[in-house]
Each structure stands twice: as C-alpha cells, then as structure tokens.
Amino acid sequence: MSDYAQLLEHIKLPRFVKVKYNIPHNKIEDLPNALCESLTSADVLNHVLPGMRIAITAGSRQMSNYPVLLRTLIDQIKKKGADVFLIPAMGSHGGATAEGQKAILREYGITEESMGVPILATMETVALGTAENGMEVRIDRYAYEADGIIVFNRVKAHTGFRGAVESGLMKMITIGLGKQHGANICHSDRPENMSANIQAIASYVIEHANILFAVGVVEDAYHDTAMIKAMKAGNMFETEKELLVEAKNMMPSIPFSKADVLFVDEIGKDITGEGMDPNITGRSFFIGNKEPYFESIAVLDITDVSEGNGTGIGNADVITKRAFDKFRMDMVYPNCITSRDAKSTKLPVTMPSNKLAFQFALNICYGIDWKKGPRIIWIKNTLNLHTFYISEALIDEAENNPDIEITGALQDVFFNQEGDVISHEYEG
C-alpha cells in the first residue's frame with residue numbers, strides 16, 4: 001500500500017441509491033420526416049441547382065442521431081441533382097490535423113461509406129476579407145471553392161461564454177469553417193467578446209461567401225433530438241437566437257443546489273467542449289461558479305471517442321490514472337493554444353484507482369458533516385442526468401423533490417482488487 005493510500009484509508013464511502021430525475025422528454029420520433037418537412041417549410045431547397053458542388057458541414061460535437069440526420073440531409077440535396085461532399089468544420093479539434101478531424105467523424109459513424117459522399121478534409125483556409133470588428137475572416141478552402149455551403153449543427157449553450165448566439169450555427173461558420181487559423185483569430189479577444197465576434201465574422205461570411213442555408217438541431221435533457229429547424233442564410237442570426245432560448249429551456253440540471261462532492265464517470269469532447277459541461281457542474285474558469293456548488297469534483301475517465309482530448313479536466317480536483325494515461329497532449333494542446341485556455345487543461349491530482357480518487361475528493365472537503373455523512377452526487381457524464389446516484393445523506397432532500405424518484409435500494413460501493421468500481425449501472 002502506498003503512503004498516500006494509507007493516509008486516505010480512514011475515509012469511508014457512504015452507501016448510494018439510484019434516482020430517476022423526471023424531466024420533460026421532447027423526442028422527435030420520425031427524424032427523417034421532421035427534417036424533410038423543415039426543409040420544405042423553410043423553402044430552402046430551391047437554392048440547390050442541378051450540377052452544383054455542395055459542401056455540408058460536420059462538426060466535432062457528438063449529437064444524437066447524427067448519422068441519420070446528416071444522411072437524410074445529404075440525400076435531399078442529392079435529389080436536387082447536386083454533387084455533395086462533407087467538410088469537417090471543427091476549428092482546431094482532432095489535433096488540428098485533417099486526418100484527426102476525419103477520425104472524430106469516424107467515431108460518430110460518419111464515413112464516406114455510411115454517408116455515400118466524399119469527406120474532404122483540410123486545414124488550409126482562404127482569406128475572405130475583414131469583418132466589421134476588424135478581424136480577418138478565414139474559410140475552409142474546400143468550402144470556398146464549392147458552389148454552395150450548407151451549415152448543419154446542434155444549437156446549445158456554450159461552456160465558456162454567454163451571448164445572443166453561443167454554440168451553434170454561426171460559431172460553426174466562424175470557428176468550424178475557419179479551421180485552426182480562423183478559430184485562433186476569433187479567440188484572440190477576451191471570452192466576454194466571443195459572441196459578438198462570432199456574430200461579426202459569421203455575418204461577413206454569410207454576406208460574402210456562398211452559404212445557401214442552415215439546419216439547426218436542438219436536443220432535450222435526455223440528449224434526444226427535440227427540434228429540427230431549417231433556415232435561410234439571411235435569417236440565421238435571428239433564428240439561432242430563438243433556438244438557443246429553446247435549448248437553454250430544455251437543458252438539464254442537477255436538481256440539488258449544493259453538495260459536498262461530485263463524482264463524474266467520464267468527460268470528453270463528444271460530451272461537451274469543456275469535457276464536463278460547466279452549465280451542469282456549476283464550475284467554470286470563464287463564466288464563474290454558480291449552482292450547483294460542489295466543494296470537490298472527481299473524474300474517473302476520458303471517453304474513448306475523445307481520442308485523448310481531455311480539455312476541461314482542469315475543472316476537476318482529482319482524476320484517476322486511467323484518465324491521466326488517456327490524456328494526450330497532441331490532442332489537447334492545439335485546442336488549448338487556439339482557444340488560449342491553459343486553466344481547463346491543467347492536470348489535477350492523480351490517484352491510481354477509483355477508490356482512492358473518491359477518498360481524496362472527500363478528504364479535501366472542509367464542509368462535510370461526518371455525523372450525517374457526506375453529500376455526494378454521482379453521474380455518468382453531464383449529458384446523461386435522467387438517472388444518477390446520490391449518497392444516503394441526500395435522500396431526505398430527494399424525497400421532498402417531486403421531480404426525483406428513488407428507484408433502487410441503498411447499496412455499498414464495491415471495488416475490485418485494483419480499486420475500481422464493480423457493477424455500477426445507470427439504466428434499468
């Protein structure tokens with residue numbers, strides 16, 4: 001036993017109970033039909049003419065039903081007689097390399113075979129001009145050479161700034177199509193100016209490039225597709241603002257204002273830009289701390305899909321060696337350099353196992369009432385909050401919340417010989 005394992009040996013974990021958080025479910029059942037209806041009602045397909053070469057954007061954020069939605073959009077454009085190709089529109093993600101960005105799409109099931117079209121990836125950009133805010137405007141070379149561009153992305157609250165538009169369509173134009181060069185330009189200003197700069201640059205691209213139309217997707221608290229909205233390029237700003245309001249209204253939250261510790265099974269770029277969403281955890285270097293408040297946060301793993309991109313890991317207080325070993329500087333630091341964010345990529349204290357990470361997280365808390373037991377919330381990730389675990393000390397509060405249903409019996413946490421958790425399930 002290591003010295004620090006001996007020092008933490010006296011920290012005992014409480015029992016946990018599984019709960020179901022009853023939040024509104026707004027899932028669209030027939031996705032292809034909903035997308036086609038939106039394209040028709042927005043009257044955007046008339047911009048696509050036979051023989052045109054059309055680029056459709058594909059981003060680095062995982063969304064539910066991504067391949068289905070993207071393939072449906074591709075097929076509708078093909079029906080108009082156009083030649084379609086996909087462009088990875090993801091700034092500096094994927095290690096700021098063309099192959100790295102194609103690899104991200106591959107993890108989501110988006111390949112040339114599954115989509116039936118080429119994926120043209122490059123980090124080369126073309127200077128389009130200068131936006132109203134004085135920033136140079138860059139655009140992906142393949143997009144620039146296309147006869148038309150269709151912007152496709154999810155709209156949601158951003159993890160690092162606030163504004164009329166945050167993470168969505170206009171950001172994909174500015175950051176995504178701008179590749180590392182364009183993303184670096186936009187991030188050269190302070191985070192509080194990010195939304196305004198995105199608007200200025202994206203508006204310039206819409207006016208001077210060949211954006212045909214856009215399709216925005218909003219997801220509900222269950223990470224299911226809840227809204228699909230096609231829009232003309234000239235209406236993008238106003239429509240995206242409306243979609244952002246809807247997205248924030250549907251965004252889940254942890255239904256406790258305060259607890260001692262948050263356990264997070266996994267973080268990742270496929271979950272959110274900051275690995276674990278500060279809008280959920282209440283902890284951010286950029287937008288400040290808010291409810292819920294946790295004195296410490298423990299992170300156990302980085303998703304495989306993230307390919308070692310552990311951006312956001314700095315918001316944890318302790319991680320496991322498993323997460324540490326997955327952390328890849330070549331995936332994290334290009335993104336860190338581009339976004340000028342060193343804080344959220346700092347590596348926390350690293351413990352060899354789940355058990356020691358939990359014990360360390362509890363040990364550094366000053367506010368725990370040990371007579372009542374530590375108040376702990378344990379989630380899979382910040383996207384999946386409809387089921388999670390709470391410690392015994394939170395049961396009374398949970399029972400007084402009509403939106404929380406206790407679905408299991410109190411149980412101890414069991415570990416294998418390596419100190420990792422055994423049989424910890426969220427569904428069922």
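Which residues is Ile139 in contact with, leaving aside its neighbours within four places in sequence? In this predicted model, where local features need pLDDT of at least 70, side-chain atom pairs count only at pLDDT 80 or more, and totals for chains, interfaces and linings use all residues, the list runs to Glu124, Thr125, Val126, Leu128, Tyr144, Ile149, Leu177, Val205 and Ala209. Contact here means heavy atoms within 4.5 Å. Residues are numbered from 1 along each chain as its sequence is written, and side-chain values use heavy atoms, with hydrogens and water left out.

Ile139 belongs to the largest nonpolar core, a set of 45 residues. Such a core is made of buried Ala, Val, Leu, Ile, Met, Phe, Trp, Tyr and Cys residues joined through side-chain atoms within 4.5 Å. Buried stands for under 20% relative accessible area, exposed for over 50%, and partly exposed for anything in between (1.4 Å probe, protein chains only). Along with Ile139, the residues with the most contacts inside this core are Val151, Ile173, Ile211 and Met236. Helix α9 (residues 194–208) hands over the largest share of the core, eight residues. Helices (H or I, at least four residues) and strands (E, at least two) are DSSP runs, numbered from the N terminus. There is also a second, separate core of 40 residues, and Val84, Ile119, Ile150 and Val217 are among its members.

Next come the charged pairs. Side chains of opposite charge can pair when their charged atoms come close. A salt bridge is counted when a side-chain nitrogen of Lys or Arg sits within 4 Å of a carboxyl oxygen of Asp or Glu, and that rule gives 20 of them. One joins Arg141 to Glu124, with the closest N and O atoms 2.9 Å apart. This pair links distant parts of the chain, 17 residues apart: Arg141 is in helix α6 (residues 141–145), and Glu124 is in the loop between α5 (112–115) and β4 (125–130). Arg141 is partly exposed at 21% relative accessible area, and Glu124 is partly exposed too, at 41%. Glu145 joins in as well, since Glu124, Arg141 and Glu145 are linked in a network of salt bridges. Glu124 also turns up among the contacts of Ile139.

Another salt bridge pairs Arg190 with Glu192, the closest N and O atoms being 2.8 Å apart. Both ends are exposed: Arg190 has a relative accessible area of 54%, and Glu192 has 53%.

Asp420 and Arg322 make a further salt bridge, with 2.9 Å between the closest N and O atoms. Asp420 lies in the segment after β15 and Arg322 in helix α12 (residues 321–326), so the pair ties together parts that are 98 residues apart in sequence. Asp420 counts as buried at 15% relative accessibility, whereas Arg322 is partly exposed at 33%. The side chains of Asp420 and Arg322 also share a polar contact of 2.9 Å. The term covers a pair of N or O atoms within 3.5 Å; within protein, one must be able to donate a hydrogen and the other to accept it, and residues adjacent in sequence count only if both atoms are side-chain atoms. On top of that, the Asp420 side chain reaches the backbone nitrogen of Asn354 at 3.2 Å. Beyond four places in sequence, the contacts of Asp420 include Ser353, Phe414 and Phe415.

Helix α13 (residues 329–339) holds Tyr333, which is partly exposed at 33% relative accessible area. Within α13, Met331, Val332, Pro334, Asn335, Cys336 and Thr338 are buried, and what covers the buried residues includes α8 (179–186). After α13 comes Arg340, with a positive phi near 55°. Ala342 lies in the loop between α13 and β12 (349–351) and is partly exposed at 48%. Ala342 and Val217 are 125 residues apart in sequence and 30 Å apart in space, C-alpha to C-alpha.

Finally, two more backbone angles deserve a mention. Most residues other than glycine have a negative phi, and most peptide bonds are trans. His223, though not a glycine, has a positive phi of about 65°. His223 sits in the loop between β7 (211–219) and β8 (225–232) and counts as buried at 12% relative accessibility. Glu307 has a positive phi near 55° and belongs to the loop between β10 (293–299) and β11 (318–320). At 24% relative accessibility, Glu307 is partly exposed.
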